[in-house]
Amino acid sequence: MSDDPIAKFKEAQRQGWKHFAPLEGLTTPSAARLVKFANVRAGQNVLDVGCGTGVVAITAARIGARVHGVDLTPELLERARENASVANVKIDFREGDAEALRFDDATFDVVLSQFGHMFAPRPDVAISEMLRVLKPGGSIAFATWPPELLIGSSFKLVSSYMPPPPPGVSPPPQWGDVATVRERLGSAAKDILFDRACMLFPALSVQNYRDHLERTAGPMLKLVEMLSASDPARLAQFRREYDALIAPYFEDNVVRQDYLLTRAIKV
Ligand SMILES: C[S@@+](CC[C@H](N)C(=O)[O-])C[C@H]1O[C@@H](n2cnc3c(N)ncnc32)[C@H](O)[C@@H]1O
């Protein structure tokens, strides 16, 4: 394996995300929301970055778009291919990195990412790649977790228990901050539009919710793996803090996960 700290970081992410497939039922409704928000139309060339099991890509393909999906994690791409085959749509799913998209400049009419590109460690690299492969006049649209709400705060708590990431790695929820998104899109984009939406996560208790995430969500999974082996008391402390964080968002057997939607046109 490479000695480059960023490459090692991505390899750890690839390992962390490989158990994400059971959460696809949750990201399926929000995929429809994103595809509608982006105004995807039949015949358009669409790229789904960090496509996971293909929920956004397949939704766009069902409308009649020509879709490519890129993700770091081969296990999720395998599931994405199965999902596409069941839905009877043709999609080019390939292993790849949001920071090094293997497509020519100005290939796509629409570039989408649902909770995907926000995990690329260097936001400036990821956004310049996503804009590079987009045609001038094309749309970029993504869903991201705001730092001040449940998922953003959870990431902050999880990272406070982890060893620090290599220099140059930005916290993913920065992508959920409107001012930061504007700054990152910069002068390369116009007509920036924001919206907010809510993903409801059914759960029997806050502990039940946490248990789901410990088995499926990359950053949580890595932390629990590490602390189970090295420091069970610290793991218990983490779980107490995490449960307290979730409690205000848990009501009527659902956990409310609000998120930010961004859409813009490439200049
Ligand atoms: C929270 S999942 C979202 C998956 C899918 N978009 C969905 O909404 O169900 C995050 C995804 O980002 C992918 N990912 C993380 N870093 C990436 C990178 N640098 N390039 C491409 N994909 C990446 C992970 O493998 C994972 O599939």
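**Figure 1. Residues around the ligand in the predicted model.** In this predicted model, 20 residues surround the ligand, and Thr27, Gly50, Asp71, Thr73 and Gln114 come nearest. Sorted by class, this shell consists of 10 nonpolar, 8 polar and 2 charged residues. The ligand sits in the largest cavity.

**Figure 2. Polar contacts of the ligand with Thr27, Gln13 and Leu72****.** An N or O atom in the side chain of Thr27 is 2.7 Å from an oxygen atom of the ligand. Thr27 is also one of the residues that come nearest to the ligand. From Gln13, a polar side-chain atom lies 3.2 Å from a nitrogen atom of the ligand. Leu72 takes part through its backbone: one of its backbone N or O atoms lies 3.4 Å from a nitrogen atom of the ligand. Taken alone, the ligand exposes 600 Å², and the protein buries 98% of this area.

**Figure 3. The largest pocket and its lining.** The volume of the largest pocket is about 660 Å³. Its lining comprises 30 residues, and those nearest the centre of the pocket are Phe9, Ser159, Pro165, Val169 and Pro172. Which helices each supply at least two residues of this lining? They are helix 1 (5–17), helix 6 (150–161) and helix 9 (218–230). By class, 21 residues of the lining are nonpolar, 6 are polar and 3 are charged.

**Figure 4. The second largest pocket and its lining.** The second largest pocket holds about 190 Å³ of space. Its lining is formed by Glu24, Thr28, Ala32, Thr53, Gly54, Val55, Ile58, Thr59, Arg62, Asn83 and Ala87. In terms of class, these residues divide into 4 nonpolar, 5 polar and 2 charged.

**Figure 5. Helices that contribute to the second largest pocket.** At least two residues of the lining come from each of helix 2 (24–37), helix 3 (55–63) and helix 4 (74–87). Which helix gives the most to this lining? Helix 3 does, with 4 residues. Among the lining residues to locate in this view are Glu24, Val55, Arg62 and Asn83.

Definitions and conventions. Residues numbered from 1 in each chain as written. Predicted model: local features only at pLDDT ≥ 70, side-chain atom pairs only at ≥ 80, totals over all residues. Heavy atoms only, no water. 1 Å grid on protein atoms, 1.4 Å probe; cavity = no way out; pocket = protein on both sides within 12 Å on 5 of 7 lines; lining within 4 Å. Points joined across faces, edges and corners; volume = space filled by probe spheres on them. Nonpolar A, V, L, I, M, F, W, Y, C, P; charged D, E, K, R; others polar. Near = heavy atom within 4 Å. Polar contact = N/O pair within 3.5 Å; in protein donor to acceptor, adjacent residues only side chain to side chain. Areas by Shrake-Rupley, 256 points an atom, 1.4 Å probe, with all protein chains shown as cover. Sits in = over half its atoms within 2 Å of the grid points.
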